[in-house]
Amino acid sequence: MTGAEALLRALRAMGVERIYASPGSDWAPLWEALAKPYRDGEIPEYVSSRHEETAIGMATGYSKVTGKPAALALHTTVGALHATMGLRAALHERIPVVVLAGESASFAEDSAHRAGRQWLRLLSDVGGPARLVAPTVKWSAALGSPLLLPHTVQRACQLAVAAPRGPVFLSVPTEFLMAEATLEPPAPAALPAAPAANPDAVRQVARALAAASRPVIVAEALGRNPRAVDALVALAESLSAPVLDGWHADYVNFPRQHPLYAGVAVEPLNEVLQEADFVLLAECVAPWHPPSALRDTRVASLGEEPLHRHLPFWGFRADWLLQGDAEATLASLVAEVAKMMEPKSGERWRPRNERHRERLREQARKSGAGPAIGAAWVAHELNAVLPRDAIVVNETISHAADLLQLLDRLPPGGFYEATYGGLGMGLGTALGVKHAAPERPVIVTIGDGTFYYNAVPAAFGACQELGLPLLVLLFDNSGYASQKNDLLREYPGGWAVRTGKFAGTSIAPRPDYVMLARAFGGEGERVDRPADVRPALQRGLAAIAQGRLALVHFVLPPVNP
């Protein structure tokens, strides 16, 4: 077999079921190998996506839903650089992706496998793509011999899944993919098991939780594993401990209609946290802001990587660190706490939390009573019509708090955040989510500013080609509200406020966004009045149920009136 076929077989043997791709001229040997007939399940499914950021979004979205590693095939240096924003996010979010790109080992001087002229002048850099990509992945290597290809692919898969999980990168010269494989492929290698937290430390934290009179739990990324959410529910119920989402909750980390769900830990420091005498952080990066806002309360932090090695500063108090698989750690805490105390009643929290949720709903209803559409009203109406099996992917910034607080019917596994530092990943992530769960309706909430960062033609083209209908809800306030808010917060009496000149914060004139969906066989509509929000949402859901891309354009009050 050729090196390209060996690559495909090695990936599939290691459990990789999908290769998401936005490739270039380095991958002709792979395309030739894909044309051969195979038995079902012998090689991964190859999924072309038209743009590198769409491809990395699809790979990470698929992996978030399934928990399985995906592969990603990119064009050499230039394509790999396009994907680095998404790779950086996957590194911080600990998403296992095996990233592959090509390069030339011979620059056409190998007469047996003559590479094209583009390698010498247009596509080569000192150190190759592995050097360019290295800061955004947990391991980066360039293959030095075709003999090592399948073994190195195995190693890349193992490293991607090993804790802390994350993206890994392997550069494979195109000549190695062309070459005949001269060795028998290695036997499938084991993937590493999730590590467990230290049992003595778990018992210490359990004792502290059992002794606390006002314990509080905060979660941000725990919902990546819905089974871990079940374990958190059991722990919270045994302690009668309220559970908060961190300000940048990336998943549904706790059932939002549960009596112990206390909302989002937004600024200023949440009153529930202010009253706590013990705080348990469950897969949290930044549960409140600034880190020093909670000084005198004891804190335990659990998760796969509780010290967050990729951050230059963390700054949160941590009296205990439980490093290991979150589901297993929480299950151990439940068992240990049960030995030490009788379960407490959580009924004392129900009135407070129900009042809090009703205040949010009332504010949303008020925002829908005026002449203009408010983001809270859209979130309220979306919550009312969402199918039970729906998945929401969010790429809004200034509207995210409304969505996070008002979409309370989504179960664990029903929400994924796509704004980890860089924007432009929302549509690709949603496509990957839809590819992993094709039977479930997938809705993308996206701001007009973030919409411009996305590779929209590529993503909509992939929707059409791959039969992955999305409902895109576009929140259009004609500008960049987060940029303007920075000025208002940091220079309240400055020149921008006094003159009304907020540089670069307007998006004008307003285009006909709906035409973009129609260009790719989809449909959509513009909505200007609050009364029309729910019917438009229902029509959009009906369209995707029939297999068509749909875009609903909500016109909100402008950032700069």
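**View 1. Helix α3 gives the most residues to the lining of the second largest pocket, with 4 of them.** Welcome to the first close-up of this predicted model. The pocket shown here holds about 620 Å³ of space. Its lining is made up of 32 residues, and those nearest the centre are Gly67, Arg165, Asn225, Arg227 and Asp325. Besides α3, the elements that give two or more residues to this lining are α10 (226-239) and α12 (326-340). By class, the lining of the second largest pocket divides into 17 nonpolar, 6 polar and 9 charged residues.

**View 2. The largest cavity has a volume of about 100 Å³.** Searching the whole structure turns up 5 cavities of 30 Å³ or more, and this close-up looks into the largest one. If you would like to find the spot, Lys64, Ala89, Glu93, Met425 and Thr429 lie nearest the centre, out of 14 lining residues. Two elements, α3 (52-66) and α4 (77-93), give two or more residues to the lining of this cavity. Helix α4 gives the most, with 4 residues. The lining of the largest cavity is mixed in character: 6 of its residues are nonpolar, 5 are polar and 3 are charged. Readers coming from View 1 will recognise α3, as this helix also contributes to the lining of the second largest pocket.

**View 3. An open sheet is built from 6 strands with parallel pairing.** Going across the sheet, the order of the strands is β14-β13-β15-β16-β18-β17. At the edges sit β14 (415-417) and β17 (523-527), each of which pairs on one side only. On average, neighbouring strands here are turned by 15 degrees against each other, with direction ignored. Keep an eye on β16, which stands between β15 and β18 in the order; the next view takes a closer look at this strand.

**View 4. Strand β16 is covered on both of its faces.** Let us begin with its neighbours in the sheet. To β18 (residues 550-555), β16 (residues 471-476) is joined by 6 bridges, and the two strands run parallel. The pairing of β16 with β15 (residues 442-447) is also parallel, over 5 bridges. Leucine 474 is a handy landmark: its bridge partner in β18 is histidine 553, while isoleucine 446 stands opposite leucine 474 as well. Another pair to look for is leucine 471 with alanine 550 of β18. Now for the faces of the strand. One side of β16 carries Leu471, Leu473 and Phe475, the other carries Val472, Leu474 and Asp476, and all of these are buried. Because 6 of the 6 residues of β16 are buried, the strand is largely enclosed by the rest of the structure.

**View 5. Aspartate 26 contacts histidine 75 through its side chain.** Our last stop is a loop, the one between β1 (18-22) and α2 (28-34), where aspartate 26 has its place. Is aspartate 26 buried or exposed? With a relative accessible area of 0%, aspartate 26 falls under the 20% cut-off and therefore counts as buried. The side chains of aspartate 26 and histidine 75 are joined by a polar contact of 2.9 Å.

How values were computed: Residues are numbered from 1 along each chain as its sequence is written. This is a predicted model: local features need pLDDT of at least 70, side-chain atom pairs count only at pLDDT 80 or more; totals for chains, interfaces and linings use all residues. Side-chain values use heavy atoms; hydrogens and water are left out. On a 1 Å grid over the protein atoms alone, a cavity is a set of points where a 1.4 Å probe fits but cannot get out, and a pocket is an open set with protein on both sides within 12 Å along at least five of seven lines; lining residues have an atom within 4 Å of a point. Grid points are joined across faces, edges and corners, and a volume is the space filled by probe spheres set on the points. Ala, Val, Leu, Ile, Met, Phe, Trp, Tyr, Cys and Pro count as nonpolar, Asp, Glu, Lys and Arg as charged, and the others, Gly among them, as polar. Two strands pair if DSSP finds at least two bridges between them. Axes are lines fitted to C-alpha atoms, for helices over the stretch in contact, and angles run from 0 to 180 degrees between N-to-C directions. Buried means under 20% relative accessible area, exposed over 50%, partly exposed in between (1.4 Å probe, protein chains only). A polar contact is a pair of N or O atoms within 3.5 Å; within protein, one must be able to donate a hydrogen and the other to accept it, and residues adjacent in sequence count only if both atoms are side-chain atoms.
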